[in-house]
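Colleague: I am new to this structure and would be grateful for a close look at its internal spaces. Please take me through them, and then through the surroundings that help to place them.

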Amino acid sequence: MFETLKAIEFGPFILSFKLAFITTLILFVISLPLSWYLSQTKSRLKPFLEAITALPIVLPPSVLGFYILWALSYNSPIGAFFENTLGVKLVFNFYGLVIASCFYSLPFMVQPLQSGFESISKNMIEASYICGKGKIKTLLKVALPNIKPALLTAIIVTFAHTVGEFGVVLMVGGSIPGETKVASVAIYEMVEIMDYKSAHIYSAIMVIISFLVLLSVYIFNGRNNKKFGI
């Protein structure tokens, strides 16, 4: 047992967690104002923006991965600009993985935050404006502290989803050890070479991590609901 554990290469797991942490941090900064706007606006563009935000949920990973790969490659204006101007290649490296992760994990951050903001009493928001607080202060000091369960759900589910993603990561980053070879890709390669023993161990670790992440969300939300008598 101990010999088996010693044989485990933890590099892919560390890389997965690093990717998930950076992606979650970036998406939180991006999604906070976006989800607040979607929860408050009455614009006719709202359904259009919501549909774009939710696209990664319904699109096949191969489709999403292909378009991200094309957008980041030298054949696209974006990829060409980064490579010619900044000397940075966005495909088959960690930078490309971060960008791709931000796209496919976006709805998992935006939707819980938007639902949380929409659950806040409109009277509370209006009272904040009446007291002279602007939109930013109302968001940060009134709305955000009142959606802790939704905030925790958004952060943890985004983190977990990023850790578990496979298709988009493989297409955009490939499998470069220490650079783009995350845990899900490592498991795929083990199955390909029929190393089922190692695949079982790596998969079991991913199952345990995913279960603990979801369990923590449900426990926190359950305690929070009891606290407020919901």
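**Cavity, pocket and their surroundings**

Modeller: The structure, which is a predicted model, holds 1 cavity of 30 Å³ or more. About 40 Å³ of space lies inside the largest cavity. Its lining is made up of F159, A160, V163, M206, I209 and S210. Two helices, α10 (148-164) and α13 (196-227), each supply at least two residues of that lining. Sorted by class, the lining of the largest cavity has 5 nonpolar residues, 1 polar residue and no charged residues.

The pocket may be described in a similar order. The largest pocket has a volume of about 330 Å³. It is lined by 17 residues, of which L64, Y67, I68, A71 and F103 are the closest to its centre. The elements that give two or more residues to this lining are α3 (46-58), α4 (61-72), α5 (77-86) and α6 (94-104). Among these helices, α4 gives the most to the lining, with 6 residues. In character, the lining of the largest pocket divides into 16 nonpolar residues, 1 polar residue and no charged residue.

Two of the helices that line the pocket, α5 and α6, are joined by a loop, and F92 has its place there. Phi of F92 is near 55°, a positive value in a residue other than glycine. With a relative accessibility of 43%, F92 counts as partly exposed.

A comparable backbone feature appears in the loop between α12 and α13, where M194 lies. M194 is not a glycine, yet it has a positive phi of about 65°; its position is just after α12. At 59% relative accessibility, M194 counts as exposed. Helix α12 itself (residues 183-192) has A183, S184, V185, A186, I187 and M190 as its buried residues.

Helix α9 deserves a closer description. Its residues run from 135 to 143, and the buried ones are T138, L139, V142 and A143. Seen down the axis of α9, these buried residues fall within an arc of 115°, so they line one face of the helix. The spacing can be understood from helix geometry: an α-helix has 3.6 residues a turn, so residues three or four places apart point the same way. On the face of α9 that is turned away from the buried side are the exposed residues I136 and K141. The cover over the buried residues of α9 includes α2 (11-40), α7 (106-118) and α8 (122-130).

Two of these covering helices contain residues that can be followed individually. In helix α7 one finds Q114. At 8% relative accessibility, Q114 counts as buried, because that value is under the 20% limit. When residues up to four places away in sequence are not counted, Q114 touches S35, L38, S39, K46 and E50.

In helix α8 one finds K122. At 43% relative accessibility, K122 counts as partly exposed. Leaving aside its neighbours within four places in sequence, K122 is in contact with S39 and Q40. K122 and Q40 are 82 residues apart along the chain, and their C-alpha atoms are separated by 9.5 Å. S39 is thus a residue to look for twice, since it appears among the contacts of Q114 and also among those of K122.

The aromatic rings complete this account. The structure holds 7 aromatic pairs. One of them is formed by F10 and F13, and it is tilted, at 6.4 Å centre to centre with 50° between the planes. What is the exposure of each partner, buried or partly exposed? F10 is partly exposed, with a relative accessible area of 45%, whereas F13 counts as buried at 4% relative accessibility. Ring pairs also bring in Y202, linking F10, F13 and Y202 into a cluster.

To return to the two spaces, the largest cavity is lined by residues that include F159 and M206, while the largest pocket has L64 and F103 among the residues closest to its centre. Neither the lining of the cavity nor that of the pocket has a charged residue.

Methods: Residues numbered from 1 in each chain as written. Predicted model: local features only at pLDDT ≥ 70, side-chain atom pairs only at ≥ 80, totals over all residues. Heavy atoms only, no water. Buried < 20%, exposed > 50% of the residue type's maximum accessible area, 1.4 Å probe, protein only. Helix = DSSP H or I, 4+ residues; strand = E, 2+ residues; numbered from the N terminus. Arc of directions from axis to C-beta. Contact = heavy atoms within 4.5 Å. 1 Å grid on protein atoms, 1.4 Å probe; cavity = no way out; pocket = protein on both sides within 12 Å on 5 of 7 lines; lining within 4 Å. Points joined across faces, edges and corners; volume = space filled by probe spheres on them. Nonpolar A, V, L, I, M, F, W, Y, C, P; charged D, E, K, R; others polar. Phe/Tyr/Trp six-rings, centres within 6.5 Å; stacked < 30°, edge-to-face > 60°.
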